[in-house]
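The following exercises concern a single protein model. Each task is followed by a solution in steps.

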Amino acid sequence: MNPCHCHPDHEHQHGAHCGHTAIQHNGHVDYLHDGHLHHPHMVDGKVAHYDEHRLDVSSANPEGCVDTTAACCGTGHRHGPDCGHEAVPHGDHIDYLVDGTLHHPCGDHCDQHGSVQVVSG
């Protein structure tokens, strides 16, 4: 069993109506919150803490440089911490969620790193 990677001191309670984007991930739901993927770790029917998750690099969510500049990136938009898109931990880097697709800034273009299933927003 893998050890937990706990998000310390997290008092917000994630759920269906908490206001954070929820995505399907490895058979469960994670919540995007300030550039983190949070998953409630339940013990005896209660949330004991929130685990930090990352999307795995896979055939569905590859990494790497493929210039697949999307519409938002072709208009001079640059993804980054204040771009208005939610940050998603993916492999060893950060992607940005745009209409269910993971965008990754790469030099003068934007790579698409697959899609995710958004459950709620």
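**Exercise 1.** In which loop does H77 lie? Classify its exposure and list polar contacts of its side chain.

*Solution.* The model is predicted.

Step 1. H77 is placed in the loop that runs between β5 (46-53) and β6.

Step 2. The relative accessibility of H77 is 21%. Buried means under 20% and exposed means over 50%, so H77 counts as partly exposed.

Step 3. The side chain of H77 forms a polar contact with the side chain of H79 at 3.4 Å. A further polar contact, of 3.2 Å, links the side chains of H77 and H85.

Step 4. Along the chain, H77 and C110 are 33 residues apart, and their C-alpha atoms are separated by 9.7 Å.

**Exercise 2.** What is the strand order of the open sheet of 4 strands, and which strands stand at its edges?

*Solution.* Step 1. The order is β6-β7-β8-β9, and the pairing is antiparallel.

Step 2. The edges are formed by β6 (86-90) and β9 (109-115). Each has a single partner strand, so one side of each lacks a neighbour in the sheet.

Step 3. On average, neighbouring strands of this sheet are turned by 40° against each other, with direction ignored.

**Exercise 3.** Over how many bridges do β8 and β9 pair, and which residue in β9 stands opposite H103?

*Solution.* Step 1. Strand β8 comprises residues 101-106 and pairs with β9 over 5 bridges in the antiparallel sense.

Step 2. The residue of β9 opposite H103 is Q112.

How values were computed
Residues are numbered from 1 along each chain as its sequence is written. This is a predicted model: local features need pLDDT of at least 70, side-chain atom pairs count only at pLDDT 80 or more; totals for chains, interfaces and linings use all residues. Side-chain values use heavy atoms; hydrogens and water are left out. Two strands pair if DSSP finds at least two bridges between them. Helices (H or I, at least four residues) and strands (E, at least two) are DSSP runs, numbered from the N terminus. Axes are lines fitted to C-alpha atoms, for helices over the stretch in contact, and angles run from 0 to 180 degrees between N-to-C directions. Buried means under 20% relative accessible area, exposed over 50%, partly exposed in between (1.4 Å probe, protein chains only). A polar contact is a pair of N or O atoms within 3.5 Å; within protein, one must be able to donate a hydrogen and the other to accept it, and residues adjacent in sequence count only if both atoms are side-chain atoms.
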